Every structure is written in structure tokens, then in C-alpha cells.
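Subject: Structure handover

Hello,

Here is the structure you are taking over. Please open it next to this message and follow along as you read.

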Amino acid sequence: MKREKNLETKVSNGNGGKPAESVPDQDLLVAERRRKIREMVAERGRVTVAELSEMFGISLVTVRADLNVLAEIGAVVRTRGGALAQRADEDLPIGVKQSLHRAEKVRIAEEAVKLIGEGQTIVLDSGTTTAEIAKQIRGLKLQSVNVITNALNIAVLLAGAPHVTLIMLGGVLRPSSYSLGGPQAEQGLEGLHADILFLGFDGLDPEIGVMTPHLLEARLNARMLGIARRVVAVGDSSKIGRRSLSMIATIEQIDQIITDAGVPAEMVEALRSRGAQVVLV
């Protein structure tokens, strides 16, 4: 901490002790440091708070503040003890995804479970937003609800809920998301019918639709659409307007989209113009 204070003192007094010029100089140092951190994360893929503190001679608190600012503008992905490079096409571990936009996901889940009625059958796609829905389902005042899912983490969340009848699909495990997919998972849907599908997504574009970077996941999600009477897409606003490799469904196939209020107004209007009901929380 002393080292950091000395650095700040030099910045303030480096121009003859004139306070009017000290603030811009300090701002320039902060901006330059954050630029270097951003470049380092992009080059290495991962950095820790401890190594950045030692490298720049600043406190751990200051490093965390820098990383939080960079995460807010989408330059890095904040993790416990450091940061990861922000790559749209990278399959981040579910533990990292769970920490991103958590408050928004909780609000989305709280709104989503309002749609679930007594004795209904719902499908929960894999994902961190649908996992939040599973947590909300555990507290529902219902006598009975059937849940079909392909996600191991969601199955674990609901396994002990006395009012939930859990139907788990088989298939090949994708470890980064705890999801099961492939022909076995698709076959597991045969003969089943659901009232609501809660569909998570990696990208949602008004012109193209709901998307994912995973081909097997897209195939399974398309089958889920086929057995559900109502399709509700759930995801935070950072994914709205983003495009990905494989299309799951067009916007016209989606009955409702639940997201947070961070979506630009023109994007909301574009989605509504295609017939989707957009709920902002």
C-alpha cells in the first residue's frame, strides 16, 4: 500500500506540485495500466490478481477495481482471483458463467417460474439461467410438477424436491456445461409432451433467431421445441444481438422472451415486430 501511495504522490507532485495538472496525469496512468492489463489478458488468456499487483506495484484492491471496470465494458471475463480473456466463441466453464450477470439471471428466473402451473410438465434446457429457474422451482408452492432436462446440474438441484418428478435425458456429456446431448438425448424425448420449454441461448438476433455454438445442442433444442406447447427463451441482455454458429429456432417460433432491461429499445421493438412477447425484468 505504501508503494502505491508513493506512486500517487509522484504523479501529483511531478509537475511542480500543481494540483490542477495532477488529476489528468493520474487518470492517464490508470488508463494506461488498464490498457496493458487488457492486452496481457488477451495474450495470455488468463491473469491473477496477485501477479498483476506485483507487476504494477499496486494493491490487490486496486487490481480488483481495474478488473471490475474492464469486465463491465466487456474487455475481460471476471473470475474469482483474476480474469479470463473475453472470447465470444469460447465455451467458458459453467462455474465462470454462473458468476456472470447473476443478478439479472435471478430476476429472469423469478419471472419465468410465474408461468408454471399445478401439474404441468416443463422442459429445462441446460444453462446457467435455466439453473436459476431450477432453484426457483424448488421453492414453488405446488403439489406436483414434471421437469424434463438434459443438464446434470439441474437434475442435482431438483433431485430432492418432493413436488418434482424429474425426467433425465441420456446422451454424451459436455463437461464444460454439464449437459447431455447426441442421439440418445434426442431419442429420450420421443413420446413426451410438455407445456413449457424454457430455452437458454448463447445468442439471439431478431433476423436469425435463437442460436448456440454447439451443433448437437442445437439439434436437441430443436427436438425440445417440437414437444412443447409454449416456448419461452430466457437469457440476459448481453446475449441479445449476438450471433452464433447454429440456429435453434426463428423468433417466430418463440412465444415469449424473458430478459433484463439492459436490452436496447430498438432491439426490443425488432423482436416484438416479429411476434415475440418480450418481458423485461
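I start with one pair of residues: V47 stands opposite A83, which lies in strand β3. Please keep in mind throughout that this is a predicted model.

**The three-stranded sheet**

The pair belongs to strands β1 and β3 (residues 82-85), which are antiparallel partners joined over 3 bridges. Helix α3 (residues 49-56) packs on the sheet and touches β1, β2 and β3. The direction of α3 makes about 70 degrees with that of β1. Helix α4 (residues 60-72) also packs on the sheet, where it touches β2 and β3. Its direction makes about 130 degrees with that of β2.

The sheet as a whole is open, has 3 strands in the order β1-β3-β2, and is paired in the antiparallel sense. Which strands stand at the edges? They are β1 (46-48) and β2 (76-79); each has a single partner strand, so one side of each has no neighbour in the sheet. On average, neighbouring strands here are turned by 20 degrees against each other, direction ignored.

**Strand β5 and its partners**

Next, look at strand β5, residues 145-149. Is it largely enclosed or largely open? Of its 5 residues, 4 are buried, so the rest of the structure largely encloses β5. The cut-off for buried is under 20% relative accessible area.

β5 pairs with strand β4 (residues 121-124) in the parallel sense, over 4 bridges. In this pairing L124 is found opposite T149 of β5. Between β4 and β5 the chain passes through helix α7 (residues 128-138), and this β-α-β crossover is right-handed.

β5 also runs parallel to strand β6 (residues 164-168), and 5 bridges join the two. Here V147 stands opposite L166 of β6. From β5 the chain crosses through helix α8 (residues 152-158) to β6, again in a right-handed β-α-β crossover.

Helix α7 deserves a second look. With 8 of its 11 residues buried, α7 is largely enclosed by the rest of the structure. The buried residues are T128, T129, T130, A131, E132, I133, A134 and I137.

**The nonpolar cores**

A general point helps with this part: in soluble globular proteins, nonpolar side chains tend to be buried together.

The largest nonpolar core in this model has 31 residues. Which of them have the most contacts inside the core? They are L197, L199, L204, I254 and L271. The elements giving two or more residues to this core are β9 (194-200), α10 (215-227), β12 (228-234), β13 (246-249) and α11 (265-272). Helix α10 supplies the largest share, 5 residues.

L199 is a good residue to select on screen. Neighbours within four places in sequence left aside, L199 is in contact with D125, V210, N221, L225, V231, V232, A233, V234, I248 and I254. Another core, of 26 residues, lies apart from the largest one and includes I122, A131, I137 and V145.

**One buried glutamate**

Finally, find E186 in helix α9 (residues 183-187). Is E186 buried or exposed? It is buried, because its relative accessible area is 4%, and the cut-off is under 20%. Not counting residues up to four places away in sequence, E186 touches R219, L220 and R223.

Regards

Methods: Residues numbered from 1 in each chain as written. Predicted model: local features only at pLDDT ≥ 70, side-chain atom pairs only at ≥ 80, totals over all residues. Heavy atoms only, no water. Buried < 20%, exposed > 50% of the residue type's maximum accessible area, 1.4 Å probe, protein only. Pairing = 2+ DSSP bridges. Right-handed = clockwise from strand over helix to strand, strands pointing away. Core = buried A, V, L, I, M, F, W, Y, C linked by side-chain atoms within 4.5 Å. Contact = heavy atoms within 4.5 Å. Axes fitted to C-alpha atoms, helices over the stretch in contact; angles between N-to-C directions.
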